[in-house]
Amino acid sequence: MLGRLRRDPAWLALAVLCIGVLGVFLVGPLVAMLGKSFVDADGGAGFGGYVRFFSEAAYREVFFNTLVLGVAVTSSSMLVGGGLAVVVARCRFPLAGLVTVLPLVTLVIPDVVVAASWLLILGKQGLLNGWLEPLGVQLPSLYSWWGLVYVMTLNNYVYAFVAVLVGLKSMDRNLEEAAQSLGQPLGRVLSGVTAPLLLPSVFAGALIVFTHVIGSFGVPAILGARTPVLAVKAYNEFVSEMGGSPQMQTTMASLLVFLGAGMLLVQKFVVERRQFQMESGRSPFAVPIEGWRAVAATGSVLTVVALSLLPAVTVVVTAFTPSVGPVLRYGGFTLNHVRYALLRAPEPLYNSLFLATVATVAGLLFSVVAAYLVVKRRAVLTHALDVLVMLPLTIAGTVLGIALVNAFNSGWLVLTGSWVIMALAYFLRRVPTSVRAAVGPLHNLKDSIEEASMSLGVSPIRSFFQVVLPVIGPSVAAAAVLMWVTTLSELSATVVLYFGGMNTMPIEIFQQVDSGRLALACAYSVLLLLAIFLPLALARWIFRLKVGTIE
Amino acid sequence: MHVSFESIHQSYGGQPLFRQLDLVIPSGKFFTLLGPSGCGKTTLLRMLGGFVRPDGGRILFGGDDVTDVPVHRRGVGMVFQDYALFPDRSVLANVCYGLAARNVRRAEAADRALAMLERVGLKAFADRAPAALSGGQRQRVAMARALVIEPRLLLLDEPLSALDVKLRVELRSMIRDLQIEAGITAVFVTHDQEEALAMSDLIAVMDRGRIVQIGSPCEIYTRPQTVFAADFVGSANLIPITGELAPGAGGVRRLGTPAGVILTTSGATLRPGSRLAIRSEEVSLADAGAMADGQVAGTIEHVEFRGSVTGYTVGTAAGAIRVDVWTAQQKRPRERGEAVMLGMPGTAQIVEAA
């Protein structure tokens, strides 16, 4: 049970503390929420909530909308991202290197900003419709299936791209060469040898995208008035204090948990089992292509990069554009919006920076300790910790928010309506990524380094600080930056947890979009982009940390 | 300081590795634990270091029970197979590390570290990063780092196995010199019999969690007591014994084997499964002829020219027997298929099964 913890009381105490934190603040609220979904209106236990959910057409539709959206966005993201990865990894053509900026771009531009900017471009009063109007043509409404799928694909294709690209890069060139030397033509080799080996990466990427999509809140909330999905419906049920039923609210949140957990199980037992160990370092050559093929390849890279960057350009331009009510007068210039966001009402900026900092410091301490325990102090206890830290991956932000509110609005610990619960949610949501970031270098750090330190007379805890921390420092710092910037753009949990006076940047943007003040939304978006971009740029180009790169 | 294990018990996943293991390592000796992987030699070493706690039994340093003393209070110097130098510190900082933990003043620590580095011939490299050194140099830094803290006990965990052959030979004499100079007890773990024979005062041959024989290198090599020891150290020829015949002239023992009678001066008792262990360099090779006691007829099956020595594998009625002959001392090289007569030495040892 205690394994290598037996001789380390200090680490044992930390392991218990870590599990305790996750138990009280993550597992407890989740279990309580799942439990509530089984409590019927009359107070007895039962499946009433689920029965009602699937028997009322309005609810049933929400469930199927969620699945349809998940499948549609996953397919299109795999097509765009996966296709791009294959072209870039296997062909050499001008400007192919541009794709390396894509992960960074996605990091910098939050979902809600992307949605707002596409409203500006493709919305009813959008730029494109303005230009097309004299021709008598009108674009289909963005508030529709295709609008949702289009914007969400742009938000998610990068995950597919990175997963497939990493899979392709880790492929062993010798395998293809061996197959060819055995007399197979290249086409048959690619379909018969390479494709099956790539399949696990494709599935892994698809699962990431699918999990993201079914749990995402911002884009469906802005564009999906006609196509309600689970995350948004659960939120609406949560805020409508009169009509909302606690059981339906928790039922929908629980359904999202079940979906997420299902995806995680598929990942663990189907995808990971089929992953192959490959000799690394000899990825297949990229073949130079010319003529129309090169033009097509370069064109598609440029298109994807441009579509990904366009939101940033749009919000920057719009932030300085004069507006009369909801009508924007492009071509003019004003500082009013930015002045308002920066000087008249800068609280959202301060709130976001404050919360992100608190969550990052807590997350940093937690994930270094947890990662160390998981890698270097293997025992049943730390294995349990390993499973627990990955749990938030399966939980949509809205669901986590609802679970936390339900758990901490009364009882021994009341957190609802304080900034602590917001920081807590951010901390929990980012724990899996930061723990993973620290696990990597710890795996590479040989045990003997630490043993050498101890044998030279330095206690286990001091050895950790003197020998282990300096080695994993850069990766952990990169993870901290990543945690900070992703927390700045968090919306789906915030929307459940924030309260008057504690607006964050994404909330402010979301509300300004909702009330039609797009120019102001863009001004806040610009501030948010800067708040994310500057630390990233600093980390990447001054401190040479690996943030927003394809590893 | 002498070191002892007292009735050590240890299991891994329900499988017992050590049952009632006792071992005393005398003060100031270079003591080698020799055996194949999985025999438990590294576990014993790590118990001395404090990295593994035995399930049962005690570990004593001198007269003190240290079983529950944590690693950092044991005062042992340890050298690891993969060097384990701190990659973010300079060579000098690596060597000073243990002194700082002992609150030695910085200036004094640097002096002592530099003196130690000079002793291992790396004073000029003090400011380098470990990554800028070769494998042999890194291991010398690791030695300096372990010895500069003047440990009570030096633990060496296969320190040479990551190095190439030439460096290994060079470094093993340096390690031995340093140990003698410091006058400390050293425990060395290896699976390389040549290393063990070349460096040790005493060798403990280990097999599956048991110590099968302890002795000086010469004893272990010339008088192995078990089939395992004879085979693992110097891979002796092992010949089955069919029975003991009436003693010959001068009381020499005559043992029957499938290939004829072999003479021995060994006093060991014959037990079921006992075999004769004969070193390949002690067998002599002659032209085929009439057979007498101590001679075995055979045919050369394989010839291996290794430079100073030529190795022959000779097929006999008792199985294949390996013979090593000094190349310079044989009249002519023999060929595959040639019928020969082997002269078996009277130094053949009777070894026990298992």
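**Close-up 1. L33(B) and its partner across the strands.** In this predicted model, L33(B) stands opposite A204(B), a residue of β9(B). The neighbourhood is a pairing of β3(B) with strand β9 (residues 202-207) of chain B, and the two run in the parallel sense over 4 bridges. As a reminder for the bench, strands of a sheet pair through backbone hydrogen bonds, either parallel or antiparallel.

**Close-up 2. The open sheet of chain B.** Step back from that pair and you meet 6 strands of chain B, which form an open sheet with mixed pairing. Reading across, the order is β6-β7-β8-β3-β9-β10 (chain B). At the edges lie β6 (76-79) and β10 (210-215) of chain B, each of which pairs on one side only. From one strand to the next, the twist averages 20°.

**Close-up 3. Helix α1 against the sheet.** Here we follow helix α1 (residues 41-49) of chain B, which packs on the sheet. Which strands does α1 of chain B touch? The contacts are with β3, β6, β7 (153-157), β8 (185-190) and β9 of chain B. The direction of the helix makes about 145° with that of β7(B).

**Close-up 4. A salt bridge between the chains.** R46(B) forms a salt bridge with E451(A), and their closest N and O atoms are 2.6 Å apart. The count of salt bridges between chain B and chain A is 1. Polar contacts join in too: 6 residue pairs are found across the interface of chain B and chain A. On the chain B side that touches chain A, β6, α2 (91-101) and α4 (135-147) of chain B each supply at least two residues. Of the elements, α2(B) gives the most to this side, with 3 residues.

**Close-up 5. The whole meeting surface of chains A and B.** How many residues of chain B are in contact with chain A? There are 28 in chain B, and they meet 20 residues of chain A. About 2,000 Å² is buried between chain B and chain A, and carbon and sulfur atoms give 58% of that area.

**Close-up 6. Confidence along chain B.** Before you lean on any detail, have a look at the scores. The mean pLDDT of chain B is 90, with 100% of its residues at 70 or more. Among the elements of chain B, strand β3 (residues 30-34) has the highest mean pLDDT, 95, while strand β12 (residues 243-245) has the lowest, 86. For the model, ipTM is 0.83 and pTM is 0.81.

Conventions:
Residues are numbered from 1 along each chain as its sequence is written. Chains are lettered from A and ligands numbered from 1 in the order in which they are written. This is a predicted model: local features need pLDDT of at least 70, side-chain atom pairs count only at pLDDT 80 or more; totals for chains, interfaces and linings use all residues. Side-chain values use heavy atoms; hydrogens and water are left out. pLDDT is the predictor's confidence in each residue, from 0 to 100. Two strands pair if DSSP finds at least two bridges between them. Axes are lines fitted to C-alpha atoms, for helices over the stretch in contact, and angles run from 0 to 180 degrees between N-to-C directions. Contact means heavy atoms within 4.5 Å. Buried area is the accessible area (1.4 Å probe) that two parts lose on being put together, summed over both. A salt bridge is a side-chain nitrogen of Lys or Arg within 4 Å of a carboxyl oxygen of Asp or Glu. A polar contact is a pair of N or O atoms within 3.5 Å; within protein, one must be able to donate a hydrogen and the other to accept it, and residues adjacent in sequence count only if both atoms are side-chain atoms.
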